[in-house]
Amino acid sequence: MGKLFAVTIAIIAILSAVPIVMNYWGPPPDISTHGRAIDDQIHETMWEAGLSFLASQLILALFIWQYAGRGKSDKVKNFPGGAKGLVIAALIFVGTEILALGAIGQKAWATVYFTPPEKDALTIQSQAGQFAFYFRYPGPDGKFGAPHPDKIDEGNQNFFGLDPENDVDARDDIVAGELAVPVNRQINLTLHSKDVGHSFYVRELRIQQDYVPGLDLAVHFTATKTGQYEIVCTQLCGLGHYNMKAYLTVLSQEDFDKWLKDKSAQ
Ligand SMILES: [Cu+2]
């Protein structure tokens, strides 16, 4: 019985590694300039954690195989010197591994979050609210009109609370329900929430950033491949959360200029 248990543990451990090694559920191809570092880091973490998991399960199976079937009257053997030394060694070994992974991973993360955006990055504002994303472009004058929270009105489609009557900068602002960006240009995306916490997640961009009410947050990225990608909210934000999504459209510079022109004509 003990030997059967040992074999079962070994089989389950090996089978669970198969889809990961074969990359059955891998992420979609990366379309960003920073994504490579993040993918490499995840890959490294998976190998390290996966090998440790397999080793521990197989050693467990080995011990069960070896010592199963011993009678109650058999003398219990103790590790020389007790378990204390082993426990301390395991703590140091696992602790070092986790700290090292954290320190190395920090580097990949910091390239996205701790570097300021380039000077010529295109700034786009995004606003999340239950249960939609909206995006705002400054228009030909390059200036965003000031937001007035009291003027936010869904019925009027004034999602950002603009005051074009009194605010010249707001008059040419473009507001859209999709995020269109030019390819190979750095985008500085600012994130505002008008109600609860939401999250901006685009798998292909390798970016997931929360919207936090009351905080001005920003992420910057450069998309390197034209196409349409899904933006999904990944913070449970209410009953309509499952349906909170928008599209990221990466366009050639030419198509992007045309898109802006069409939008401002609306
Ligand atoms: Cu949400």
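Hi everyone. Let me start with the rings: W109, Y113 and F114 are joined into a cluster by ring pairs. Before I go further, please keep in mind that this is a predicted model.

Staying with aromatics, how many aromatic pairs does a search of the whole structure find? The search comes back with 10. One of them is Y24 with W25, an edge-to-face pair with 6.2 Å from centre to centre and 85° between the planes. Are those two residues buried or exposed? Y24 is exposed, at 53% relative accessible area, and W25 counts as exposed too, with a relative accessibility of 71%.

Now compare the geometry of F63 and Y67. Their ring centres are 6.1 Å apart and their planes sit at 35°, so this pair is tilted. For those of you who like the classification spelled out, planes under 30 degrees apart would count as stacked and those over 60 as edge-to-face, so 35° falls in the tilted class. Both residues belong to helix α2, which covers residues 35-67, and they are four residues apart, about one turn of the helix. Y67 is partly exposed, with a relative accessible area of 42%.

There is one more ring to mention, and this time the partner is a charge. The charged end of K3 sits over the ring of W65, 5.1 Å from the ring centre.

Right, on to the metal. Which residues coordinate the copper ion? The donors are ND1 of H198, SG of C233, SG of C237 and SD of M244, at 2.0 to 2.4 Å. If you are thinking about parameters for this site, here are the angles: the four donor atoms subtend 94 to 123° around the copper ion, which makes the arrangement tetrahedral. The reasoning is simple, because the class asks for all angles to lie between 85 and 135 degrees, and the range of 94 to 123° satisfies that.

Along the chain, the copper donors are spaced as H-x34-C-x3-C-x6-M. H198 is in strand β6, residues 198-202, while C233 is in the loop between β9 (227-232) and β10 (245-251), so this pair ties together parts that lie 35 residues apart in sequence.

How accessible are these donors? H198 is buried. C233 is buried as well, with a relative accessible area of 7%, and C237 is buried with 6%. Since two cysteines serve as copper donors here, you may wonder about disulfides. The count comes to zero disulfides.

Let's follow H198 into its strand. Four of the five residues of β6 are buried, so the strand is largely enclosed by the rest of the structure. β6 pairs with β7, residues 207-211, in the antiparallel sense, over five bridges. To give you a specific contact, Y201 has Q208 in β7 as its bridge partner. The two strands form a hairpin, with four residues between them.

That hairpin brings me to the backbone. As a reminder, most residues other than glycine have a negative phi, and most peptide bonds are trans. With that in mind, where do we find a positive phi in a residue other than glycine? One case is R206, with phi near 60°, in the loop between β6 and β7. R206 is buried, at 14% relative accessible area. Another case is N184, whose phi is near 55°. N184 is in the loop between β4 (179-182) and β5 (186-193), and N184 is exposed, with a relative accessible area of 55%.

For peptide bonds, take a look at the step from Q130 to F131. This bond is cis, with omega near 0°. F131 itself lies in the loop between β1 (122-129) and β2 (132-137). If you set up a simulation, these are the backbone spots I would like to talk through with you.

Last stop, G82. This glycine is in the loop between α2 and α3, where α3 is residues 84-113. G82 is partly exposed, at 36% relative accessible area. G82 and S16 are 66 residues apart in sequence, and their C-alpha atoms are 33 Å apart in space.

That's my tour, from the rings to the copper site and the backbone. Thanks for listening, and I'm happy to take questions!

How values were computed. Residues are numbered from 1 along each chain as its sequence is written. This is a predicted model: local features need pLDDT of at least 70, side-chain atom pairs count only at pLDDT 80 or more; totals for chains, interfaces and linings use all residues. Side-chain values use heavy atoms; hydrogens and water are left out. Donors are N, O and S atoms within 2.8 Å of the metal (3.2 Å for Na, K and Ca); water is not among the atoms, so sites may look incomplete. Four donors count as tetrahedral if all angles lie between 85 and 135 degrees; four count as square planar and six as octahedral if opposite donors are over 155 degrees apart and all others between 65 and 115; anything else is irregular. Buried means under 20% relative accessible area, exposed over 50%, partly exposed in between (1.4 Å probe, protein chains only). Two strands pair if DSSP finds at least two bridges between them. Rings of Phe, Tyr and Trp (its six-membered ring) pair if their centres lie within 6.5 Å; planes under 30 degrees apart count as stacked, over 60 as edge-to-face and the rest as tilted. A charge sits over a ring if NZ of Lys or CZ of Arg is within 6 Å of the ring centre and within 35 degrees of the ring normal. A disulfide is a pair of cysteine sulfur atoms within 2.5 Å.
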